[in-house]
Amino acid sequence: MDGQPPKLTSIPATDNTVWADASPLLDAACRGLRDGELIHGDNFNLFAAMSALEIMDPKMDSGIVCRYYSIDEAIENGAAPVPFSLDSTIDVQCTIDVMDHLLACEAAWHKGHSLAQTVFACIYLLRLDRTASHALLHSYCRVIRATCKAVLSVVSDARTHEEEDLFTMTYGLPLNGDGDEKCLSMLNAVEETISRQLRACKAISSKRRVPEDLEPLQSNPNLEEGFCKALLCRLRFRKHFFHVLTCMKRPQGRGLELARKHIASCISELESILASADFLRSSSGESSEDDIDDKTTASGREPIGFDAALNSRLSAPTPPRAIKILSWNKAVQYFIKLLHDLDVMCSYSLDPHLENLLRFVVQFQKSQPDLVARSHLQLLLVQDGKLYGRDPIFAVITKAAALPEATKNHDIQKNEYIVQLGQLVMNLLKILCTNAAWQRRKLGKILQDWRVIYLQLELAFRNEFGEVSSSSNDENIYMKIFQHILIWVEEQTYWIACRFLMLGFELELYSASEYCMVYWYSYAVLVKLAEKTHVKMAVSYDNAKRKGKKKRDSPKDLARESRIPPAVLFLQCYICLAEGLTMMLAALGNEIMILQSSSPFNTEQEKFIQHFELLQRACIPDHVSYPSFKESTTHARFSTLVMYNYFKDALRIAKEVKSSFSSDPDRLAELRKLEQVAEHNSVALNLICRLGALDPSLKVSFEFSHHPFFATAVVRRS
């Protein structure tokens, strides 16, 4: 009452708590906090932070800010009119815009975004029955829905969707509709109508008679032909693309040849779609090309009938974030690349030899195919537990192990460990169809399985071999299968290890200071791989020679037997490059102190363990460790490297073995790359040996300009 503010009464305390005014503390904290800092209690952890809702900036939670809260509300407010306009010209323009934006949405979905926020952001797809009066829009939306369902089926069946968790989530969206099986017949009817209209346009321009019962597509005769062409190429692309998906799902690759024809038609129609962009921009009045690359339609206009926030309550278990749909140009380029990848797959000869198949898959992965293409590849390779759905896995194994054709039906295939080996082979094929990061992670994990199955097979074969009767014929067959499969399993294990190491370069997992240990370990694995490959080929040649029953070896046969097989020489080229790079990098660290590891967080030994722990657990190779790495590289000197230049050996082998692969363009291309790496590194080595220790301004770096895995030394003066 004396003019002073009344005192704040304290909040009654309970038995366990005492309330106090925290305002001064909060004021002080606000003055002391910097951007990005947070005050929190002990019970506020990372999970709570990730689950929290940001309710201040709308950009932080786009799912909360919606224009419409239901599909019915959006339709009532005119968000998706049917028709688009009473003006037929505008109606056609808007229809093409919807087609183009749907293409961009479909590409964004293929890239891993949610189906609810991409393709099914289209209100017309959510209420497809409303478009029945608009034949063009209705038929197009139906084939889009059927296409999405087909793609979803392929990715789900291949189980590659673990890479993209959102891809197969349908969130209760209307993917299944009555009459979708007739989508192509509806599309064909609309296509035929527009084709007749296009022919009528050309008849008018050439002053020929026009059928009286044919109405024009729209009201402006000067635009009729351009609109007809723009619509036809979009409709035909949809038709052929759906045929591609259908043909590729046929069992045992029976539809691949027909799929290639549809792929060629798809690419042709996409080129026509690209060519229609200039006409559509000029007809819509959007002449500015400054920001056309960011637009999702060829005309550059915003499409009608889309609202990405409409499915916000369906799109994810957490509040959805705004996504950026691919531009129209990028979407078209995506589909062109997808079709080229599918064409490569369809052109494959379905070779039953596992070695050739693995080489094809590795080569195919170099183009970095997206999820949809890789899913198709996996379904082609593994069907009903068989290779291509036709070749039993045991028959594939016997062929890979260089066993006679007759052994593919041997009773040994019923052995539980042989069955497990077949499952490992199928699993390997599936893993090789995943993206590079997922593939490397899975390959590292299955290495131990391959090592274990080798030990189990060895033990099982020995036990069963002891129980076989003394019949020499049965004994020899069983012994032969035993030897060949064990040799092949070891060879395949080292092939997986080699692939695991090489993928690390592709994923940029190694720093320049770690190249030395990586190439050293790669050298050790490649030596074992070449050894096992050579043993397998020697055993196979020995069996073939016995089958010929020759009494006396001719000089030609003896020469052929002593010659190293081209496949082993090819690996020898890799070995020389890996050893040469190991010694060069070690010498640079030992003499010039370049590319040494100086991380404050991890020692060199810890990095060694981090990179090769999965290989070490599987004992691949045996007796390889960090101490043996240090022992091999500590005394590396340039004076020694000059006396024995590994790169010259690699260059010589690459040149010699070329003639053996004259009919294999992929191997020839690889050999040319290896030649370039060997030649450049040989020159760089000589230069470093002459100037390195004397010239402190000399800088050496390593680039992957000639080969993705084997680095090329670049010598410069600073």
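The following exercises, each with a worked solution, concern the pockets, cavities, cysteines, strands and aromatic rings of a predicted model.

Residues are numbered from 1 along each chain as its sequence is written, and side-chain values use heavy atoms, with hydrogens and water left out. Because the model is predicted, local features need pLDDT of at least 70 and side-chain atom pairs count only at pLDDT 80 or more, while totals for chains, interfaces and linings use all residues.

**Exercise 1. The largest pocket**

Task: State the volume of the largest pocket and describe its lining.

Solution.
Step 1. The search uses a 1 Å grid over the protein atoms alone; a pocket is an open set of points with protein on both sides within 12 Å along at least five of seven lines, a cavity is a set of points where a 1.4 Å probe fits but cannot get out, and lining residues have an atom within 4 Å of a point. Grid points are joined across faces, edges and corners, and a volume is the space filled by probe spheres set on the points.
Step 2. The volume of the largest pocket is about 990 Å³. Its lining consists of 36 residues, of which Glu355, Arg359, Trp495, Leu571 and Arg667 are the closest to the centre.
Step 3. Helices (H or I, at least four residues) and strands (E, at least two) are DSSP runs, numbered from the N terminus. Two or more lining residues come from each of α12 (354-365), α14 (393-400), α17 (472-506), α18 (515-548), α20 (566-592) and α25 (665-691).
Step 4. Ala, Val, Leu, Ile, Met, Phe, Trp, Tyr, Cys and Pro count as nonpolar, Asp, Glu, Lys and Arg as charged, and the others, Gly among them, as polar. On this basis the pocket lining has 19 nonpolar, 7 polar and 10 charged residues.

**Exercise 2. The cavities**

Task: Determine how many cavities of 30 Å³ or more the whole structure holds, and set out the lining of the largest cavity and of the second largest cavity.

Solution.
Step 1. The search finds 2 such cavities.
Step 2. The largest cavity, with a volume of about 50 Å³, is lined by Met99, Asp100, Leu103, Tyr140, Arg234, Phe237, Ile273 and Trp328. At least two of these residues come from each of α4 (88-110) and α8 (224-248), and α4 gives the most, with 3 residues. The classes are 6 nonpolar, no polar and 2 charged.
Step 3. The second largest cavity has a volume of about 40 Å³. Gln93, Ile96, Asp97, Phe227, Leu280, Ser283, Ser284 and Ser299 form its lining, with at least two residues each from α4 and α10 (277-284). Here the classes are 3 nonpolar, 4 polar and 1 charged.

**Exercise 3. The cysteines**

Task: Count the disulfides and establish whether Cys201 is buried or exposed.

Solution.
Step 1. With a disulfide taken as a pair of cysteine sulfur atoms within 2.5 Å, the count is 0.
Step 2. For Cys201, the nearest cysteine sulfur belongs to Cys228 and is 4.6 Å away.
Step 3. Buried means under 20% relative accessible area, exposed over 50% and partly exposed in between (1.4 Å probe, protein chains only). Cys201, at 13%, is therefore buried, whereas Cys689, at 27%, is partly exposed.

**Exercise 4. The sheet**

Task: Give the strand order of the open sheet of 3 strands and identify its edge strands.

Solution.
Step 1. Two strands pair if DSSP finds at least two bridges between them.
Step 2. The order is β1-β2-β3, with antiparallel pairing. The edge strands, each paired on one side only, are β1 (382-383) and β3 (391-392).
Step 3. Between β1 and β2 (residues 386-387) there are 2 bridges, and Gln383 stands opposite Lys386 in β2.

**Exercise 5. The aromatic pairs**

Task: Classify the pair Trp450 and Trp488 and the pair Phe608 and Phe629.

Solution.
Step 1. Rings of Phe, Tyr and Trp (its six-membered ring) pair if their centres lie within 6.5 Å; planes under 30 degrees apart count as stacked, over 60 as edge-to-face and the rest as tilted. The count is 29 aromatic pairs.
Step 2. The ring centres of Trp450 and Trp488 are 5.9 Å apart and the planes stand at 65 degrees, so this pair is edge-to-face. Trp450 belongs to helix α16 (residues 436-467) and Trp488 to helix α17, so the pair ties together parts 38 residues apart in sequence. Trp450 is buried at 0% relative accessible area, and Trp488 is buried at 2%.
Step 3. Phe608 and Phe629 are stacked, at 5.9 Å centre to centre and 25 degrees between the planes. Phe608 lies in helix α21 (residues 604-617) and Phe629 in helix α22 (residues 626-633), 21 residues apart.
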